[in-house]
Amino acid sequence: MPASRSDQNITFQLPRNALKIAGIAFCVGLLLFVVVWLNARRHNDFYRADPAQPQVQADEAMPLPEPLPAGSGASDMPDARPEAAPEEAPQVVETAPPPPQPLPEAPTTAAPANPAPPPVASAPSDRPVPLPGQSPPPAYPPAALRRGESGTVVVRVEVDAGGLPLDAKIIQRSGSRDLDRAALDAVRGWRFQPAQSNGQPMAGSLEIPFDFQPAR
């Protein structure tokens with residue numbers, strides 16, 4: 001009965017030339033390794049210092065030359081500093097003084113032509129009366145005077161029993177705000193002889209006209 005294939009021995013035989021080739025390759029590799037090692041050793045010896053070469057002692061070193069003293073001859077370069085230009089003496093220029101200019105004329109403050117002078121406080125009255133010397137007329141506003149404004153202002157003033165103005169208001173305007181304000185401010189600073197009834201002072205009111213006309 002023939003034996004099965006599994007029982008058969010499988011053998012693998014190398015060719016005879018393969019052993020020779022492997023031996024030759026090993027020898028060539030070993031030779032290359034030796035050549036490379038010798039070459040590397042030769043290069044390492046190149047960087048080593050030669051012990052026979054004499055070293056320069058520190059005491060035998062050449063001293064450095066001393067620096068030249070600073071001065072005009074220390075460098076061959078021309079002096080970079082520019083020469084100072086001679087100062088020119090100031091020249092006196094005689095100029096004639098300008099002719100004096102006329103001063104601007106200050107606006108003249110003119111008192112009202114007819115400020116309706118207050119009545120003289122002599123006899124008791126049923127109306128308050130401005131006290132002389134304590135009721136100055138209003139000053140003409142400079143702005144209104146420059147603009148040539150004029151007009152009549154009527155102020156009504158309420159006076160208490162002590163002769164002091166309680167309230168003042170304009171009942172007739174002049175058309176100029178500056179003139180109206182000047183008249184109103186003046187009356188608020190006045191002092192009055194109060195109105196009387198049966199010999200007793202009492203509160204009262206008074207209308208005062210002011211006519212503002214520039215003096216010519």
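1. Trp190 and Phe192 are both buried. The structure under discussion is a predicted model, and the points below concern the surroundings of these two rings and, separately, the placement of Asp180.

2. Trp190 and Phe192 constitute an aromatic pair with a centre-to-centre distance of 6.1 Å. Their planes make an angle of 50 degrees, and the pair is classed as tilted.

3. Trp190 also pairs with Phe210: the ring centres lie 5.9 Å apart. Because the planes of Trp190 and Phe210 stand at 70 degrees, this pair is edge-to-face, the criterion being an angle over 60 degrees. Trp190 and Phe210 are both buried.

4. The pair of Trp190 and Phe210 connects distant parts of the chain, the two residues being 20 residues apart. Trp190 is located in the loop between H3 and strand S4 (192-193), whereas Phe210 belongs to strand S7 (residues 204-212).

5. Trp190, Phe192 and Phe210 together make up one aromatic cluster. Over the whole structure, the search returns 3 aromatic pairs.

6. Asp180 merits a separate remark. This residue lies in helix H3, which spans residues 177-188. Asp180 has a relative accessible area of 5% and is therefore buried, the cut-off being under 20%.

7. Which residues does Asp180 touch, not counting those up to four places away in sequence? The contacts of Asp180 are Val153, Ile170, Arg173, Ser174 and Gly175.

Notes:
Residues numbered from 1 in each chain as written. Predicted model: local features only at pLDDT ≥ 70, side-chain atom pairs only at ≥ 80, totals over all residues. Heavy atoms only, no water. Helix = DSSP H or I, 4+ residues; strand = E, 2+ residues; numbered from the N terminus. Buried < 20%, exposed > 50% of the residue type's maximum accessible area, 1.4 Å probe, protein only. Contact = heavy atoms within 4.5 Å. Phe/Tyr/Trp six-rings, centres within 6.5 Å; stacked < 30°, edge-to-face > 60°.
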